[in-house]
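Here is a set of short exercises to work through with the viewer open. Try each task before you read its solution.

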Amino acid sequence: MIEGAVWRKWVFFYIPLAAFVFLLLFPFYWMIITAVRPDAELYRPWNAPNYAPFWTANPTLEHIRYLLEETLFSTWMLNTMIIALVSTLISLVCGVFAGYALARLNFPFAGGLGTGIFVTYLVPQTLLFIPLSDIVRNFRLGDTPWALILTYPTFLIPFCTWLMMGYFKAIPKELEECARIDGASRFKAMLYIILPIAVPGILSAGIFAFTLSWNEFIYALVFLSSPEQKTVPVGVTSELIRGDVFFWGPLMAGALLGSIPVALVYSFFVEHYVAGLTGSVKG
Amino acid sequence: MSVTTTAALRAPEAAGRGRLKGLFEDERRLAFALLFPTMLLLGLFIAYPFVKGVMLSLTNAKVGEPGEWVGLANFAKIWNDAIFRTAVWNTFWYTAVTTVFKLALGLWLAVLLNRHFRGKAFVRAFILLPFIIPTVLSTFAWKWMFDPTFSVLNWSFYKLGLIGGRINWLGDPDLAMASVMIVNIWRGVPFYAISLLAGLQTISPELHEAAAIDGARPWQRFWHVTWPLLLPVTMVVVLFSVIQTFADFQLVYVLTGGGPANATHLFATYAYQIAIGTGLLSEGAAISLAMFPVLFLVVVVQLLYIRRVETR
């Protein structure tokens, strides 16, 4: 796309790309460096003569130790992990079933239901969190992991369904018909013939759902109140700040460690994640 | 049709092997069974709360008090509430400005990434990090970078000679909104870039070559070949992101909490403050329901657009 002199390549390609990468990643570098910087350096005003922002000569694990030993951080990690895994699993089962039904079966109102599920995908959590907090309390789910395990699927199922629908539609009908002629029931044909082919789609949907539930904030903030029930984003926000005092070292250490599970899952399945992301948008 | 007849013919045989199996040979029953869990969860936690939210907004319920029917009093009250009006204005402004920047920068980045270069897969993977790392956690990194006393941004701009004194990023009412927007754009650009890149990759390079042979300059090729073909994906990505941005909560909650002096409230953060902070559930429900007409409009546009593209 860019032809001609070498300088043009630099001006129109390498420099802008490097700028993007730098700006997009700098906050993470800042997170890491803050997490290992001793307090004495951390709270040195920016206009102090010995302010050295980009490096530290005395890295410390003190903030991480504080986080793991003096706070409930490991409990929050465990909570978040359980909630994210279970709600992802529920959403995958529901999404696969619903996606299959909408892509393959003839029944009344199929089109309307498909549209309905798509519309719920676009309902933001902030529209419903107030009545939902009431409902969660009435169902006696308040302050338990179930409050989130059961509500997260509301924003995970719709895109799982849409993603799976796309996958199922792409699988030729003949495959299934062959199995049915050989005497397999509809359900068995779906389970043993279609599902194995759709594994990449299921993986994409699952990874995307996992990162979304790990990221969720407002439901967790409103539905949970005891410190030992909280998820990582809420725990870090509410327990590492006392009034106006921010404990920046532990906060950044928490942000760093709290990001690791998602980052790991993501790094192993980048391609699946990207497929899930673009698939979820295209619907 | 032939499928249903074979199913019907086989029904007695299946019933012999087990009632359950025979039950699901019928397409409608199987569809119902497969959709039931989804319908149950969406009904209980989307449809029911929506109805309940509407009812709630028409009462004067507080936390722990069911309240009485008050009609549209809550809506009348927020209509005359100066902070609510600021929040409405902020939300529209926030959505408009960030969407323009996210689209422009995202498109630029997508075009850059659409070339072949060494380490491309690596760069693409890293670039998505702002989008996948939990928003609240990365926003804290920004809050720390914006800290008036310890800000690395102030230090950098000062050393570069761009500023003479300190900038109070989140403490100044005008700057605070801009700061929140910067973080939103930072988080959103990768999403736009990767989605648009997926769109760009479906455009055949031969079209570009043909245009180039016909003498089209790079900019003309982009404008007359790439852009029209990219438009459907762009539309969906933009509408999608508009909904998310319009209903945003986390960024403002973490960065400013709606302050200074309520200057950065959005619908969602103000609803949270009123409903959870002060316990006026019904008024909070009314504030978040006030988002509904706009969201509804965007969803309708999106549905119509998707339908048009699909039938084309």
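The exercises below concern a predicted model, and each task is followed by a worked solution.

**Exercise 1. Overall form of the chains**

Compare the radius of gyration of chain A with the value for a compact globule of 283 residues, then do likewise for chain B and 312 residues.

Solution.
- Step 1: For chain A, the globule rule gives a value near 19 Å, but the chain has 24 Å.
- Step 2: Look at the extents too: along the principal axes, the C-alpha atoms of chain A fill a box of roughly 80 × 65 × 30 Å.
- Step 3: For chain B, the globule value is near 20 Å, whereas the chain has 26 Å.
- Step 4: The C-alpha trace of chain B spans about 85 × 75 × 30 Å along its principal axes.

**Exercise 2. Secondary structure, burial and contacts**

Work out how many helices and strands chain A has and how many chain B has, then add burial and contact range to the picture.

Solution.
- Step 1: Chain A holds 15 helices and two strands, while chain B holds 16 helices and zero strands.
- Step 2: Of the 283 residues in chain A, 46% are buried; of the 312 residues in chain B, 41% are.
- Step 3: Take the contacts with a separation of 6 or more. Residues 24 or more positions apart account for 78% of these in chain A and for 65% in chain B.

**Exercise 3. The contact between the chains**

Find how many residues each chain brings to the contact, and which helix gives the largest share of the side of chain A that touches chain B.

Solution.
- Step 1: The contact draws 75 residues from chain A and 78 residues from chain B.
- Step 2: On the chain A side, helix α1 (residues 6–35) gives the largest share, with 12 residues.
- Step 3: Sort the chain A side by class: 56 residues are nonpolar, 16 are polar and three are charged.

**Exercise 4. Two domains in chain A**

Describe how domain 1 and domain 2 of chain A meet.

Solution.
- Step 1: Set the bounds: domain 1 of chain A covers 6–60 and domain 2 covers 64–282.
- Step 2: The C-alpha centres of these two domains lie 33 Å apart.
- Step 3: Seven residues of domain 1 are in contact with seven residues of domain 2.
- Step 4: On the domain 1 side, α1 and α2 (39–42) of chain A each supply at least two residues, and the largest share, four residues, comes from α1(A).
- Step 5: By class, that side has four nonpolar, one polar and two charged residues.

**Exercise 5. Set the record beside the model**

Take the UniProt annotations for chain A and check the helix content of the spans they list.

Solution.
- Step 1: An unreviewed UniProt entry lists several spans as "transmembrane region", including 76–102 and 144–168 of chain A.
- Step 2: In the model, residues 76–102 of chain A are 100% helix and 0% strand, with end C-alpha atoms 37 Å apart.
- Step 3: Residues 144–168 of chain A are 92% helix and 0% strand, and their end C-alpha atoms lie 36 Å apart.
- Step 4: The unreviewed entry also lists residues 77–269 of chain A as "domain: ABC transmembrane type-1". That span is 79% helix and 2% strand, with its end C-alpha atoms 21 Å apart.

**Exercise 6. One helix in detail**

Test whether the span of helix α8 (residues 153–170) of chain A agrees with 1.5 Å a residue, and ask why α8(A) is described as largely enclosed.

Solution.
- Step 1: The 18 residues of α8(A) should span 26 Å.
- Step 2: The end C-alpha atoms of α8(A) are 25 Å apart, which agrees.
- Step 3: Because 15 of its 18 residues are buried, α8(A) is largely enclosed by the rest of the structure.

**Exercise 7. Backbone features in loops**

Locate the cis peptide bond that ends at Pro260(B), then examine the phi values of Arg140(A) and Ala261(B).

Solution.
- Step 1: Recall the background: most residues other than glycine have a negative phi, and most peptide bonds are trans.
- Step 2: The bond from Gly259(B) to Pro260(B) is cis, with omega near -10°. Pro260(B) sits in the loop between α13 (250–255) and α14 (267–277) of chain B.
- Step 3: Ala261(B) is also found in the loop between α13 and α14 of chain B, and its phi is positive, near 50°. Ala261(B) counts as exposed because 10 other C-beta atoms lie within 10 Å.
- Step 4: Arg140(A) has a positive phi near 60° and lies in the loop between α6 (125–138) and α7 (145–151) of chain A. With 10 C-beta neighbours inside 10 Å, Arg140(A) is exposed.

Key. Residues are numbered from 1 along each chain as its sequence is written. Chains are lettered from A and ligands numbered from 1 in the order in which they are written. This is a predicted model: local features need pLDDT of at least 70, side-chain atom pairs count only at pLDDT 80 or more; totals for chains, interfaces and linings use all residues. Ala, Val, Leu, Ile, Met, Phe, Trp, Tyr, Cys and Pro count as nonpolar, Asp, Glu, Lys and Arg as charged, and the others, Gly among them, as polar. UniProt positions are given in the numbering used here, feature names are shortened, and annotations may be inferred rather than shown by experiment. Domain bounds come from an automatic or database domain assignment. The expected span of a helix is 1.5 Å times one less than its number of residues. A residue is buried if 20 or more other C-beta atoms lie within 10 Å of its own, exposed if 12 or fewer, and partly exposed in between; C-beta atoms are placed from the backbone. The radius of gyration is taken over C-alpha atoms; the globule rule is 2.2 Å times the number of residues to the power 0.38.
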